[in-house]
Amino acid sequence: MNTNVQDQFKFTEVYQIERIHNPTPEEFQRGFLSVRKPVIITGGMSGWKALSSWTPDYLSTTVGNRQVDVNVSQSRMFMGDTKTGFASLRKTMKFSDFMSVLLEKNRSTSNSYYLQGQPMTTIFPELVQEIETPDYFDKKLLLVINLWLGAHGNISPLHYDASHNLLAQVSGRKRILLFDPKQTSFLYPFPAYSKIPHLSQVNIDEPDFEKFPKFSKAKCIECVLEPGEMLFIPVLWWHQVYSFDTLNIAVNFWWKEKLRQLLLTYSGMRLLAQIPAFFWQEFRNKVNSTSNPK
Ligand SMILES: O=C(O)CCC(=O)C(=O)O
């Protein structure tokens, strides 16, 4: 495992990420969700067929002919574009061709490929039956279940999301650096009017301290997620994710945070200002729930 970037970071002394085995939903909500504290849950994926079935052959047989959108990077860092919000280079290709490029021993290209956060219910419906939505949140709040499929060396750069997240590791390991939302002023998010206000401008593996001097004060927490484990990433927590091993597969579950909670925070406001559609949907939900009370 590549740990040579590790010493550059200041780690918070407050705590390491705990591992807890099969907490009850109440234990999870009380100890972690309500206080927005990251945690690794072990044992929660023991019923997942995907853990044994998602081999390259099986996936290629099951969804091999499907056209999928894959992000391509020359640097292994999968950064969004400030104008579009998407990866600057994106390819639509047959899933089986993507798997072949990913697993090629002597790659003919120096590019890296990553199927990055593709919604499962619309794009891979047959695979949804081989996972289980965890009981740790109210299913009515579920926004999307995404598939992440890549290889050793891929990096999702430092960013935060407007929803809570359970990142469930199916195959390979991920190293994750987490920064508390209180660190936001040290992390230089892109401007709120750009398409990527949730991404940091700092390349945290090679920080430019002249341009981003306050980054020297940032403190993070590190963990390595093993197959069969789920990491809870609370809303607005910053994370940078490094993939390891030949085949790296994860599924994540994003669920809604209360609008009121987002509006109370600077980071939440920055994201919401981007999405008029979000407000419109919230308004409609409110109207519907008032006109159809349970
Ligand atoms: O696994 C990755 O590469 C990134 C995952 C992520 O950013 C997320 O789950 O929000």
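Ala, Val, Leu, Ile, Met, Phe, Trp, Tyr, Cys and Pro count here as nonpolar, Asp, Glu, Lys and Arg as charged, and the others, Gly among them, as polar. By these classes, the shell around the ligand holds 5 nonpolar, 5 polar and 2 charged residues. The structure is a predicted model, in which local features need pLDDT of at least 70 and side-chain atom pairs count only at pLDDT 80 or more, while totals for chains, interfaces and linings use all residues. Residues are numbered from 1 along each chain as its sequence is written, and side-chain values use heavy atoms, with hydrogens and water left out.

The shell is a good place to begin. Its members, each with a heavy atom within 4 Å of the ligand, are Y114, W148, S156, H159, D161, N165, L167, K174, H239, V241, N252 and W254. Three of these residues have a side-chain N or O atom in polar contact range of a ligand oxygen (a polar contact is a pair of N or O atoms within 3.5 Å; within protein, one must be able to donate a hydrogen and the other to accept it, and residues adjacent in sequence count only if both atoms are side-chain atoms): the distance is 3.0 Å for H159, 2.8 Å for N165 and 2.7 Å for K174. Taken alone, the ligand exposes 290 Å², and the protein buries 100% of that (areas by the Shrake-Rupley method with a 1.4 Å probe; for residues, only the protein chains shown count as cover). Two or more shell residues come from each of the strands β8 (155-159), β9 (163-171), β13 (238-243) and β14 (248-256); helices (H or I, at least four residues) and strands (E, at least two) are DSSP runs, numbered from the N terminus.

Three further residues show what lies elsewhere in the chain. All are described as buried, meaning under 20% relative accessible area, with exposed over 50% and partly exposed in between (1.4 Å probe, protein chains only). L33 belongs to helix α1 (residues 25-33) and is buried at 15%. Its C-alpha lies 8.6 Å from that of H164, although 131 residues separate L33 and H164 in sequence.

E229, in strand β12 (residues 229-233), has a relative accessible area of 9% and is therefore buried. The E229 side chain makes a polar contact of 2.8 Å with the side chain of R19.

F212 lies in the loop between β10 (174-179) and β11 (219-225), and with a relative accessible area of 8% F212 is buried as well. F212 and F186 are 26 residues apart along the chain, and their C-alpha atoms are separated by 8.0 Å.
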